[in-house]
Amino acid sequence: MLGKNSEEMMRKWWDSASEYYQKEISADKMTDVQYGPFGSSEKKLKLLGKIRGKKVLELGCGGGQASIALAKEGATCTGIDISHKQIDTARKNAENEGVKVEFLELPFSHIGELKPKKFDVVISIMALQYCIDLRALLKNVGNLLVKGGIFVFSIEHPFYLLMNPKDLRIKESYFNSGLKMQREKWPDNTVHYFAHYDRKISDIVNPIIDSGLKLETMVEPFDSQDKIWGVGYRKALVNKIAPTVVFKCRK
Ligand SMILES: C[S@@+](CC[C@H](N)C(=O)[O-])C[C@H]1O[C@@H](n2cnc3c(N)ncnc32)[C@H](O)[C@@H]1O
């Protein structure tokens, strides 16, 4: 059942979940890039360097908040996302905030089509856990970056995903990585299939090395005061393993 149709399954899930997701994560994300749950922000971590005048591509932009925040700082931003609903929200958000950002409905598997465009910075916030072929994506990112360009992405911390938030015990084997699918019944009785990838650290780091991008730093940020993404996260677990990890690479 999984495989070729997984990307389509993810699109359907995100189209259905978009309204709830946007309500939960609040609009405060439009003044600074927020790297993820309890994961701190760009103004604190300073991973992107000076952004004014830079060409930025955001992968899995959702409601476009990070691109909008960077556009406010003087960057020229393009955001792509597989979900029509998310892109629709992103366009409305940009209009309401009075900034120009190009938002495109495009899956990760098609970002090669953005060529011959080149970018100084590529970012992705909590989205690459939905990327089916990370190796192919990294290769395309390398092709889209100018020499010396930066790729910063955050994902759910692989260790956090292992834990059961209820009893704070390890719920499954670290080695049981790969595409996972959950059947969900929502309060309105509709059934949805949520698919994502669980990756080991080596499943992330080795494809970066093989892509030719240089891994400059890996950050495991922890901002205990997070009020933006904190919904649904159990403090007792978050205090032990922060849910977010950030990688910075350079071409
Ligand atoms: C957790 S949300 C993060 C959204 C946004 N970056 C943020 O910080 O709020 C993950 C996003 O990845 C997008 N996504 C999932 N699979 C994708 C794919 N194959 N190609 C492009 N976008 C995808 C979803 O539509 C969703 O908007």
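Helices and strands are DSSP runs, numbered from the N terminus. The legends below describe a predicted model.

**Figure 1. Overall view of the predicted protein model.** The protein comprises 8 helices and 11 strands. Its radius of gyration is 17 Å, close to the 18 Å that the globule rule gives for 251 residues, so the protein is as compact as a globular protein of that length. Taken along the principal axes, the C-alpha atoms fill a box of roughly 50 × 40 × 40 Å. Of the 251 residues, 40% count as buried. Among contacts with a separation of 6 or more, 74% are accounted for by residues 24 or more positions apart.

**Figure 2. The cis peptide bond from Lys115 to Pro116.** Most peptide bonds are trans. The bond from Lys115 to Pro116 is cis, and its omega is near 15°. Pro116 belongs to the loop between strand E3 (102-105) and strand E4 (119-125).

**Figure 3. Packing of helix H1 (residues 6-25) and helix H4 (residues 84-97).** Two packed helices are described by the angle between their axes and the distance between the axes. For H1 and H4 the angle is about 40°, and the axes are 7 Å apart. H1 is therefore oblique to H4. On the H1 side, the contact is made by Trp14, Asp15, Ser18 and Gln22. The H4 side contributes His84, Lys85, Gln86 and Thr89. By class, the residues of this contact divide into 1 nonpolar, 5 polar and 2 charged.

**Figure 4. The shell of residues around the ligand.** Of the 19 residues around the ligand, those that come nearest are Trp14, Gly60, Gly62, Ser83 and Tyr130. H1 and helix H3 (65-72) each supply at least two residues of the shell. The largest share, 4 residues, comes from H1. The shell divides by class into 12 nonpolar, 5 polar and 2 charged residues. Trp14, listed here with the residues that come nearest to the ligand, also takes part in the contact of H1 with H4.

**Figure 5. Helix H3 and its surroundings.** In H3, 7 of the 8 residues are buried, so the helix is largely enclosed by the rest of the structure. The buried residues are Gln65, Ala66, Ser67, Ile68, Ala69, Leu70 and Ala71. What covers them includes two helical and strand neighbours already shown, H4 and E4. The cover also includes strand E1 (55-59) and strand E2 (76-81). Just after H3, Gly74 takes a positive phi of about 105°. In addition to its buried residues, H3 supplies at least two residues of the shell around the ligand.

**Figure 6. Positive phi at Phe38 and Leu168.** Most residues other than glycine have a negative phi. Phe38 is not a glycine, yet its phi is positive, at about 55°. Phe38 is located in the loop between H1 and helix H2 (42-45). With 24 other C-beta atoms within 10 Å, Phe38 is buried, because the criterion for burial is 20 or more. Leu168, likewise a residue other than glycine, has a positive phi near 60°. The loop between strand E6 (163-164) and strand E7 (169-170) holds Leu168. Leu168 has 13 other C-beta atoms within 10 Å and is partly exposed.

**Figure 7. The environment of Arg11 in helix H1.** Arg11 is partly exposed, with 19 other C-beta atoms within 10 Å. Burial would require 20 or more such atoms. Leaving aside neighbours within four places in sequence, Arg11 is in contact with Ile82 and Ser83. Ser83 is also one of the residues that come nearest to the ligand. Arg11 and Leu161 are 150 residues apart along the chain, and their C-alpha atoms are separated by 22 Å.

**Figure 8. Lys240 and Tyr160.** Lys240 lies in the loop between helix H8 (235-238) and strand E11 (244-250). Lys240 has 12 other C-beta atoms within 10 Å and is exposed, because a residue with 12 or fewer falls in that class. Lys240 and Tyr160 are 80 residues apart in sequence, while their C-alpha atoms are 8.9 Å apart in space.

Terms used: Residues are numbered from 1 along each chain as its sequence is written. This is a predicted model: local features need pLDDT of at least 70, side-chain atom pairs count only at pLDDT 80 or more; totals for chains, interfaces and linings use all residues. Axes are lines fitted to C-alpha atoms, for helices over the stretch in contact, and angles run from 0 to 180 degrees between N-to-C directions. Angles under 35 degrees count as roughly parallel, over 145 as roughly antiparallel, 65 to 115 as roughly perpendicular and the rest as oblique. Two residues are in contact if their C-beta atoms, placed from the backbone, lie within 7 Å. Ala, Val, Leu, Ile, Met, Phe, Trp, Tyr, Cys and Pro count as nonpolar, Asp, Glu, Lys and Arg as charged, and the others, Gly among them, as polar. A residue is near a molecule or strand if its C-beta atom, placed from the backbone, lies within 6 Å of it. The radius of gyration is taken over C-alpha atoms; the globule rule is 2.2 Å times the number of residues to the power 0.38.
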